[in-house]
Amino acid sequence: MPALAEQLATLRAEKDAARDPAYTAIMNRATEELAATDILDGVPGVGDRAPLFSRPNLSGETVRLRSLLRKGPVVASFFRGRW
């Protein structure tokens, strides 16, 4: 089975090939412009310690990182919206 990075590269290439090249150029330019700013300076990277936070889960219950860490290591995954 290919590594995740290989799978993602293949998927990206497939999507790029199916998309109008003008749209791909716009997306690439916007990504480059964002990368040239300091917008990502405060974003934690993979392996960085997360700030202690509280957020609602999908059931509306508050989940606190501190409480989860008492049980052991935590992997946090964030997604936007409910699709």
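Helices (H or I, at least four residues) and strands (E, at least two) are DSSP runs, numbered from the N terminus. The exercises below apply this definition to a predicted model.

**Exercise 1. Elements and overall form**

Task: State how many helices and strands the protein has, give the order of its elements from the N terminus, and decide whether the protein is a compact globule or more spread out.

Solution:
- Step 1. The count gives 3 helices and 2 strands.
- Step 2. Read from the N terminus, these elements follow the order α-α-β-β-α.
- Step 3. The globule rule gives 12 Å for 83 residues, whereas the radius of gyration of the protein is 18 Å, well over that value; the protein is therefore more spread out than a compact globule.
- Step 4. Along the principal axes, the C-alpha atoms fill a box of roughly 50 × 35 × 25 Å.

**Exercise 2. Surface and charge**

Task: Describe the burial, the exposed area and the charged side chains of the protein.

Solution:
- Step 1. Of the 83 residues, 2% are buried.
- Step 2. The exposed area of the protein is about 8000 Å², and 58% of it is supplied by carbon and sulfur atoms.
- Step 3. There are 12 positive and 10 negative side chains in the protein, and a distance of 14 Å separates the centres of the two sets.

**Exercise 3. The surroundings of threonine 24**

Task: Determine whether threonine 24 is buried or exposed, and which residues it touches beyond four places away in sequence.

Solution:
- Step 1. Threonine 24 belongs to helix H2, which covers residues 21-35.
- Step 2. Buried means under 20% relative accessible area. Threonine 24 has 11% relative accessibility, so it counts as buried.
- Step 3. Leaving aside residues up to four places away in sequence, threonine 24 touches Asp16 and Arg19.
- Step 4. The side chains of aspartate 16 and arginine 19 form a salt bridge, with 2.7 Å from N to O. A search of the whole structure finds 1 salt bridge.
- Step 5. Aspartate 16 counts as partly exposed because its relative accessibility is 32%; arginine 19, at 23%, also counts as partly exposed.

**Exercise 4. Separation in sequence and in space**

Task: Classify alanine 17 by accessibility, then give the C-alpha separations of alanine 17 from arginine 49 and of threonine 24 from valine 74.

Solution:
- Step 1. Alanine 17 lies in helix H1, residues 4-18.
- Step 2. Exposed means over 50% relative accessible area. Alanine 17 has 67%, so it is exposed.
- Step 3. Alanine 17 and arginine 49 are 32 residues apart in sequence, and their C-alpha atoms are 37 Å apart in space.
- Step 4. Threonine 24 and valine 74 are 50 residues apart along the chain, with 36 Å between their C-alpha atoms.

Technical notes
Residues are numbered from 1 along each chain as its sequence is written. This is a predicted model: local features need pLDDT of at least 70, side-chain atom pairs count only at pLDDT 80 or more; totals for chains, interfaces and linings use all residues. Side-chain values use heavy atoms; hydrogens and water are left out. The radius of gyration is taken over C-alpha atoms; the globule rule is 2.2 Å times the number of residues to the power 0.38. Buried means under 20% relative accessible area, exposed over 50%, partly exposed in between (1.4 Å probe, protein chains only). Accessible areas come from the Shrake-Rupley method with a 1.4 Å probe; for residues, only the protein chains shown count as cover. Lys and Arg count as positive and Asp and Glu as negative; His and the chain ends are not counted. The place of a charge is taken as NZ of Lys, CZ of Arg, CG of Asp or CD of Glu. Contact means heavy atoms within 4.5 Å. A salt bridge is a side-chain nitrogen of Lys or Arg within 4 Å of a carboxyl oxygen of Asp or Glu.
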